[in-house]
Amino acid sequence: MIEDVVLIKINKTYRDNMSPEELFKTTSKSWVASFQKTSTRELKFYCPVYKNKIIEVYDFLGFHEELPQRKPSRYILEGKISSTEMREKLVDLEVSKIHKGSGNPIKYTSLNKLLNLDGSEEHIEENPLIKDIYQDDLVTQIYNFIISKGFSYSLDSIKNLYLSIRSKPFVIISGISGTGKTKIVQLFAESMGATEENSQFKLIPVRPDWSDSAELLGFEDLKGDFQKGPLTKIIEHAQANPDLPYFVLLDEMNLARVEYYFSDVLSVMESRRREGENIISSLLVDEKYIKGLRIPNNLYILGTVNMDETTHPFSKKVLDRANTIEFNDIELNSFNFVESQEEVEKIRVSNELLEASFISIKDIYSDHMQLVVDVSALISKINKHLKSISAQVGYRVRDEICFYMAHNATSKLLEEDKGLDYCIMQKILPRILGSDDRVADVLEKLYQEFVGIPYDDDNLQSSSKYPKSTQKVIEMLERYRNDGFTSFWIS
């Protein structure tokens with residue numbers, strides 16, 4: 001359905017006895033919104049809304065940015081009062097059914113939907129399942145939704161999270177306490193229509209006493225009946241609805257040893273294989289309890305972690321199988337979510353927009369041969385440095401970095417070097433830890449690999465290609481110098 005009308009609430013700026021000129025000016029410049037959203041829609045009209053009713057209709061003629069520029073950018077609509085016929089149809093129309101929120105939120109909608117709000121015409125689906133959308137537009141929707149909820153993250157970090165989930169449906173979110181690790185996962189899922197209310201999202205708090213998979217998958221009770229665990233239940237929902245994405249959040253997943261309670265899931269996750277056009281895994285639970293319980297291709301598992309005296313470190317077995325994303329960058333002085341007046345609603349997306357396209361290097365080699373060669377060459381160089389501390393990576397990590405980069409090459413979400421920078425941060429640097437002099441030597445060699453000059457405490461430089469990884473290496477070296485021990489995880 002074409003969104004050709006924008007509704008603009010002016011509850012905060014409306015005054016009684018406003019002249020037509022004042023109303024036009026207030027409506028046209030009282031909002032902060034996305035240039036991309038306006039330019040990519042076929043807008044024909046915009047309407048001020050006061051106390052849930054349309055009070056005027058303007059023909060949309062264009063827009064321009066307000067000068068002097070500000071952040072976030074504010075832009076001014078250009079228009080004129082619409083025809084008498086259109087005004088008679090829309091003025092005084094009650095729009096509270098589709099335009100929620102307070103203040104001056106913005107709502108994109110369609111003229112067809114407005115004219116049928118009384119329900120006299122055929123039913124218009126409010127939240128259709130979206131299957132066809134550019135990945136860049138989807139990520140922008142996710143980003144705008146998260147920002148509108150009061151959390152400030154960079155657009156690149158949301159692009160990276162999306163690419164990480166697409167390349168491997170298991171992601172670890174790390175960061176200092178209070179940065180919103182749990183919330184970003186919830187909002188990421190909610191932006192695409194996955195909530196606890198519709199059973200597409202499940203938060204599972206991990207307990208310190210978990211020692212096997214029973215708490216997640218289930219167990220046989222004294223009567224011989226199988227008691228399903230929370231992961232089993234959401235997997236059954238996901239298997240029943242393969243067109244929809246399902247998200248599991250293991251909150252504070254390293255309060256218990258991940259290798260103990262999650263090893264069965266990790267092993268089955270690695271068993272994925274192609275059968276015809278489908279990707280399937282081995283069985284998760286013995287079929288005497290549940291028939292055909294496998295990890296479906298529409299299930300995405302994310303875990304949040306803290307690193308302190310109450311938690312456990314990760315083994316290489318776990319790190320090999322996950323993208324580890326740090327959310328340590330916080331912007332306490334950013335208030336874009338307060339100034340933004342746009343109402344960002346969640347959408348319902350098809351699992352086609354998230355599901356893994358590749359499980360083998362063969363899946364991408366013909367279309368991305370040069371990319372695979374280049375990534376393999378870079379990892380080989382890094383492996384030579386890692387070998388002295390037995391931290392080198394194998395085929396699995398190489399393949400998953402290639403999957404990430406292939407998805408990125410197709411979607412063009414990130415520049416190639418920026419994508420590789422994220423991959424080094426997420427798949428390689430978390431493996432480095434220790435108090436041995438060889439650890440410091442490896443970090444110094446990685447610094448030289450990234451920057452092109454030897455490490456020098458008095459002349460530290462960033463890398464134009466891999467700035468995030470370079471900065472992380474510098475931080476890890478500083479910790480080693482100060483504490484005699486270093487790790488990716490220490491914050």
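This briefing describes the fold of one chain, from its overall dimensions to a five-stranded sheet, one helix and one buried loop residue. The model is a predicted one, and the chain in it has 19 helices and 19 strands. Buried residues make up 51% of the 491 residues, and the radius of gyration of 26 Å agrees with the value near 23 Å that a compact globule of this length would have.

**Overall dimensions and surface**

- The C-alpha trace spans about 80 × 70 × 45 Å along the principal axes of the chain.
- Of the contacts in the chain with a separation of 6 or more, 72% are made by residues 24 or more positions apart.
- The chain exposes about 23,400 Å², and 47% of that area is supplied by carbon and sulfur atoms.

**The five-stranded parallel sheet**

- Five strands, in the order E9-E12-E15-E8-E16, form an open sheet in which the pairing is parallel.
- Strand E9 (201-205) and strand E16 (323-326) stand at the edges, and each has a single partner strand, so one side of each is left without a neighbour in the sheet.
- Neighbouring strands of this sheet are turned against each other by 20 degrees on average, when direction is ignored.
- Within the sheet, strand E8 (residues 170-174) pairs with strand E15 (residues 299-305) in the parallel sense over five bridges, and Ile 173 stands opposite Thr 304 in E15.
- Helix H9 (residues 230-240) lies across E9, strand E12 (246-251) and E15, and runs at about 165 degrees to E12.

**Helix H5**

- Helix H5 (residues 135-148) has 14 residues, which at 1.5 Å a residue should span 20 Å, and the distance of 20 Å between its end C-alpha atoms agrees with this.
- H5 is mostly covered, with 10 of its 14 residues buried; among them are Leu 138, Val 139, Ile 142, Phe 145, Ile 146 and Ile 147, and also the polar-named positions Gln 135, Thr 140, Gln 141 and Asn 144.
- After H5 comes Gly 150, whose phi is positive, near 100 degrees.

**Strand E2 and its partners**

- Five of the six residues of strand E2 (residues 45-50) are buried, so E2 is largely enclosed by the rest of the structure.
- Strand E1 (residues 5-9) pairs with E2 in the parallel sense over five bridges, and Val 5 has Phe 45 in E2 as its bridge partner.
- E2 and E4 run antiparallel and are joined by two bridges, with Phe 45 standing opposite Asp 59 in E4.
- E2 and E3 likewise run antiparallel and are joined by two bridges, where the bridge partner of Tyr 50 is Lys 53 in E3.
- E2 and E3 form a hairpin with two residues between them, and Lys 51 in the turn has a positive phi of about 50 degrees.

**Val 57 in the loop**

- Val 57 is found in the loop between strand E3 (53-54) and strand E4 (58-65), and its relative accessible area is 0%, so Val 57 is buried.
- Leaving aside neighbours within four places in sequence, Val 57 is in contact with residues including Phe 45, Tyr 46 and Cys 47, as well as Ile 81, Met 86, Leu 90 and Val 91.
- Val 57 and Ile 146 are 89 residues apart in sequence, and their C-alpha atoms are 31 Å apart in space; Ile 146 is one of the buried residues of H5.

Notes:
Residues numbered from 1 in each chain as written. Predicted model: local features only at pLDDT ≥ 70, side-chain atom pairs only at ≥ 80, totals over all residues. Heavy atoms only, no water. Pairing = 2+ DSSP bridges. Helix = DSSP H or I, 4+ residues; strand = E, 2+ residues; numbered from the N terminus. Axes fitted to C-alpha atoms, helices over the stretch in contact; angles between N-to-C directions. Contact = heavy atoms within 4.5 Å. Rg over C-alpha atoms; globule rule 2.2 N^0.38 Å. Buried < 20%, exposed > 50% of the residue type's maximum accessible area, 1.4 Å probe, protein only. Areas by Shrake-Rupley, 256 points an atom, 1.4 Å probe, with all protein chains shown as cover. Expected span 1.5 Å × (residues − 1).
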